[in-house]
Each structure stands twice: as C-alpha cells, then as structure tokens.
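Colleague: I am new to this structure and would appreciate a short tour. Could we begin with the overall layout?

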Amino acid sequence: MTDTISIAEFDFDALSLAELKSLEKKVVKAIATFEDRKKKEALSELEAKAKELGYSLSELTGGKTPKVKVAGSPKYRNPADPAQTWTGKGRRPDWFNAALAAGTSADDLAI
C-alpha cells in the first residue's frame, strides 16, 4: 500500500491552475474506481487461494466466476456541480443538455 500524504503537508498554493485541474482529475478517477479495484484485488486473492488448494474458484462456487463490470470513467463534468459527471455514453444528462443549449461546447465540459 502507498504512503498517505497529509493534506496539511501539501502546498496547493504552489501549484498552477493546470496542475490543480490535473490533480482533480486524478482524484475523481481514483474515487470512481476505488471499489472496483478493491473487488478485483479480493477476487484475485480468492482465485490464488483456490489454486493453492488445487481448485479453480468456479469449482468451489459451483458456477462461473462472475466478471466484474467496470464502469466507464467520466469524460464530462458539470461546472456548476463538479459531483455530477457523465461518461459520454447513454442518455445525456439534463445538466449537459442545458449547458449545450446555453452555448457551452462539449469540449468546455470535458474533464
């Protein structure tokens, strides 16, 4: 596991706007994929333990090993509410349509 960085030790004032936005993208992606990564780690550990005992995980569970569905990473963010994101797939969210109608381009909403 990696060392944790205390927010108090980090000097955000020394970063440029581009660096802050890059950091924000990385944090949003890490949060969005955290649970999926933990599930994959657990599944890998279970498969390794089953193999160590001479079985496959599907033999022990009585079926196929379920595939973990990975959610797409967000490609667009609502500037009015950064918690609202969209992967660019499926139905467009209302905030995205409203921004386009107000003259904002999709590139301006891109993360």
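Modeller: Counted from the N terminus, the elements of the chain follow the order α-α-β-β-α-α. Helices (H or I, at least four residues) and strands (E, at least two) are DSSP runs, numbered from the N terminus. This is a predicted model, in which local features need pLDDT of at least 70, side-chain atom pairs count only at pLDDT 80 or more, and totals for chains, interfaces and linings use all residues. Residues are numbered from 1 along each chain as its sequence is written, and side-chain values use heavy atoms, with hydrogens and water left out.

Colleague: How many of the 111 residues, in percent, count as buried?

Modeller: The share is 12%. Buried means under 20% relative accessible area, exposed over 50%, and partly exposed in between (1.4 Å probe, protein chains only).

Colleague: And what area does the chain expose?

Modeller: About 9100 Å², of which carbon and sulfur atoms supply 55%. Accessible areas come from the Shrake-Rupley method with a 1.4 Å probe; for residues, only the protein chains shown count as cover.

Colleague: Let us turn to Arg-77. Where does it lie, and is it buried or exposed?

Modeller: Arg-77 belongs to strand β1, residues 76–77. Arg-77 counts as buried because its relative accessible area is 11%.

Colleague: What does Arg-77 touch beyond its neighbours within four places in sequence?

Modeller: Its contacts (heavy atoms within 4.5 Å) include Glu-24, Val-28, Trp-95 and Ile-111. Pro-82 is also one of them, and the backbone oxygen of Pro-82 is 3.3 Å from a polar atom of the Arg-77 side chain.

Colleague: Now Asp-36. Which side chain of opposite charge is nearest to it?

Modeller: That is Lys-39, 5.1 Å away; Asp-36 is buried yet has no salt bridge. A salt bridge is a side-chain nitrogen of Lys or Arg within 4 Å of a carboxyl oxygen of Asp or Glu. As for charge, Lys and Arg count as positive and Asp and Glu as negative, while His and the chain ends are not counted. Asp-36 lies in helix α1 and, leaving out residues up to four places away in sequence, touches Lys-69, Val-70 and Ala-71.

Colleague: Finally, where is Leu-15 found, and which residues does it contact?

Modeller: Leu-15 sits in the segment before α1. Beyond its neighbours within four places in sequence, Leu-15 is in contact with Phe-10, Leu-20 and Leu-23. Leu-15 counts as partly exposed because its relative accessibility is 25%.

Technical notes
Polar contact = N/O pair within 3.5 Å; in protein donor to acceptor, adjacent residues only side chain to side chain.
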